[in-house]
Amino acid sequence: MSTLPSVSDDLRVCLVGFGLGGRVFHAPLIAATSGLRLAAIVTADPGRREQARAAYPDAVVVASVDDAWHDVDALVVVTTNDAHVPLAMQALDRDLAVVVDKPLAISAAAAEELVARGGRLTVYQNRRWDGDFLTVRAVAESGELGELIRFESRFDRFVPVVRSERWRESAEPRFGGGLLLDIGAHLVDQALLIGGPVRHVYAELDARRPGAVVEDDVYLSLEHTGGLRSQLWTSTAAPLHGPRFRLTGLLAGIETHGLDPQWAQLADGIVPGTPGYGAASSALLADGDESRDVPMQPGAYQDFYAAVAAWLRDGAAPPVDPADSLAGLRVLDAARLSAETRTVVPVEAG
């Protein structure tokens with residue numbers, strides 16, 4: 001059983017996985033967060049172990065999580081999707097706090113037992129802290145748009161060559177690859193924050209690029225119980241990109257373009273605190289007669305791990321309630337069924 005350190009000590013974090021997610025989206029943010037210490041890194045890949053040792057010489061780097069359970073306070077799971085639930089269960093059984101990268105599981109059924117298990121669990125839905133989403137959400141909550149009627153969200157890229165060596169593009173079903181559980185999990189989470197629970201889903205999932213074996217082109221239409229309709233797109237076969245967000249109300253609408261810069265910045269070694277980190281261009285707000293620029297809030301992925309430290313140290317609420325991620329998985333399950341049956345599918349109530 002893990003014992004939390006005294007107030008004067010940093011919380012010891014073990015990161016499981018050092019691929020793109022662990023190396024870019026987690027390790028630098030953990031290392032930059034006051035009150036947290038990246039104490040251990042687990043990766044089975046010898047080359048990645050060397051990368052981890054070079055980047056984080058003070059961390060213990062091992063090939064198996066079995067060599068890392070001791071002397072840590074929290075486990076961060078950034079593995080293939082199929083390993084999320086088993087590793088989280090093992091950590092909770094050891095009374096460790098757990099951060100699971102999205103998606104929480106490959107299906108709602110797989111996540112339900114984990115959420116019901118209880119314990120200190122949260123989910124890395126980091127795109128809640130995209131600067132453009134923070135901006136759009138704040139304007140929506142201000143009431144300036146009036147009653148919200150439509151939320152449009154696009155996350156499009158152009159990656160014409162399939163990288164079959166990557167598990168997210170693998171045909172192996174157990175890995176849970178494809179865009180629906182990847183970017184789709186973020187888009188649905190954001191839509192739920194804007195519009196609340198979803199009643200019905202219609203979806204189109206396609207493998208468009210030559211050699212693609214999992215969906216690389218996704219469209220979801222959501223009917224929220226409160227009346228808002230959300231339309232969500234994500235594709236790696238999109239040479240032309242529409243607005244990232246467009247939120248329409250009966251009084252005004254707001255629109256943003258381009259992707260939040262934090263992914264590219266972290267990949268380039270630019271960390272929170274660096275001048276310009278998370279900065280993006282302005283949004284456009286229009287009421288039909290006039291339009292004006294709205295300053296974009298800076299992106300703030302670092303706020304997730306700052307909230308983790310407060311959650312574990314001070315008893316604050318977790319940065320993401322796992323019940324929210326379970327609700328998102330119910331929408332994603334309904335979307336997959338909709339695409340298979342070419343019908344509008346009701347979403348299972350939580």
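Two strands count as paired if DSSP finds at least two bridges between them. Helices (H or I, at least four residues) and strands (E, at least two) are DSSP runs, numbered from the N terminus.

This is a predicted model, in which local features need pLDDT of at least 70 and side-chain atom pairs count only at pLDDT 80 or more, while totals for chains, interfaces and linings use all residues. Residues are numbered from 1 along each chain as its sequence is written, and side-chain values use heavy atoms, with hydrogens and water left out.

Let's start with strand S13 (residues 283–286). Here are its pairings:

| Partner of S13 | Sense | Bridges | Residue opposite Leu-284 |
|---|---|---|---|
| S12 (residues 253–256) | antiparallel | 3 bridges | Glu-255 |
| S14 (residues 291–294) | antiparallel | 4 bridges | Asp-293 |

S13 and S14 form a hairpin with 4 residues between them, and Gly-288 in the turn has a positive phi of about 100°. In a regular strand the side chains alternate between the two faces of the sheet. In S13, Ala-283 and Leu-285 make up a covered face, whereas Leu-284 and Ala-286 lie on an uncovered one.

Now for another sheet. An open sheet of 6 strands runs in the order S3-S2-S1-S4-S5-S6, with parallel pairing. Strand S3 (60–62) and strand S6 (121–124) stand at the edges with a single partner strand each, so one side of each has no neighbour in the sheet. Within this sheet, 6 bridges join S1 (residues 11–16) to S2 (residues 36–42), and Val-13 stands opposite Leu-38 in S2.

Finally, Tyr-305 touches (heavy atoms within 4.5 Å) several residues more than four places away in sequence, among them His-26, Val-76 and Tyr-124.

Definitions and conventions. Buried means under 20% relative accessible area, exposed over 50%, partly exposed in between (1.4 Å probe, protein chains only).
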